[in-house]
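Me: Could you take me carefully through one part of this model and then through a helix, explaining each term as you go?

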Amino acid sequence: MGAQWKAKHKDLAANAKGRLFGKLSKDIMIAARHGADPAANSRLRLVVEQARKVSMPKDTLDRAIKKGAGLTGEAVHFEHVVYEGFAPHRVPVMVECLTDNVNRAASEMRVLFRKGQLGTSGSVAWDFDHVGLIEAEPSTQGADPELAAIEAGAQDFEPGDEDGATVFLTDPTDLDLVSRALPAQGFTVLSAKLGYKPKNPVNPASLSAEALEEVEAFLAALDANEDVQNVFAGLAG
């Protein structure tokens, strides 16, 4: 689960692709505010590449770019809101929302956190580091993530999981710099964003199978909410 919680087998769920496209569309619209041309907008280029990797339909992608860039005449306004609290069994959680209705998002978070505990601002954030998170995969055989992290200026890295992707961790201000340096070190950047890494993650082995299932069900319910963009859980492994 690491720095960003990801639902197990999420790609197999019937409606998961739609949720993923919805989240990516928001990212695309926000990135496109700084220009509709991916070649001249590095943030947009990264999100577009990520959208293509998961086979987002071209018309959906183009519509999101045009809408975000103000080319359709539609007003696009999303507010970034972060909620803090605990999942069941005191697992700390940071939840990033992009919403067009803050009151609705707040109400839904209160309901979702009934099975955990919704905290106030700062109540959980102290237990996380705010970092740049770059997901990348080797583009050349034998590419060394440790060497790439050093040469590109990353602070640390988390070895690739079953899909072969490595997560490079950066200072928030170095996110773009490291993203642009990694290709020369043999890695293709799949996504780059700011996020949260737990300082003292809970070891899943310390939880019973039933308790872990409760935590994962709670996190999955958060992730399924239309206003939730990212869920960062203090759960190791």
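Reply: E96 lies in strand β2, which spans residues 91–99 (strands, E, of at least two residues and helices, H or I, of at least four are DSSP runs numbered from the N terminus). The model is predicted, so local features need pLDDT of at least 70 and side-chain atom pairs pLDDT 80 or more, while totals for chains, interfaces and linings use all residues. Residues are numbered from 1 along each chain as its sequence is written, and side-chain values use heavy atoms, without hydrogens and water.

E96 is buried (under 20% relative accessible area with a 1.4 Å probe, protein chains only; exposed is over 50%), yet it has no salt bridge (a Lys or Arg side-chain nitrogen within 4 Å of an Asp or Glu carboxyl oxygen). The nearest side chain of opposite charge (Lys and Arg positive, Asp and Glu negative, His and chain ends not counted) is K193, 6.7 Å away. The side chain of E96 does join that of H80 in a polar contact of 3.5 Å (N or O atoms within 3.5 Å, one able to donate a hydrogen and the other to accept it; sequence-adjacent residues count only if both atoms are side-chain atoms). Beyond four places in sequence, the residues in contact with E96 (heavy atoms within 4.5 Å) include V81, Y196, D227 and F232.

Turning to the helix, α5 covers residues 145–152, and A148, A149 and A152 are buried there. These three lie on the same side of α5 because they cover an arc of only 100 degrees around the axis (taken from the directions from the helix axis to the C-beta atoms). I150 and E151, on the other side of α5, are exposed.
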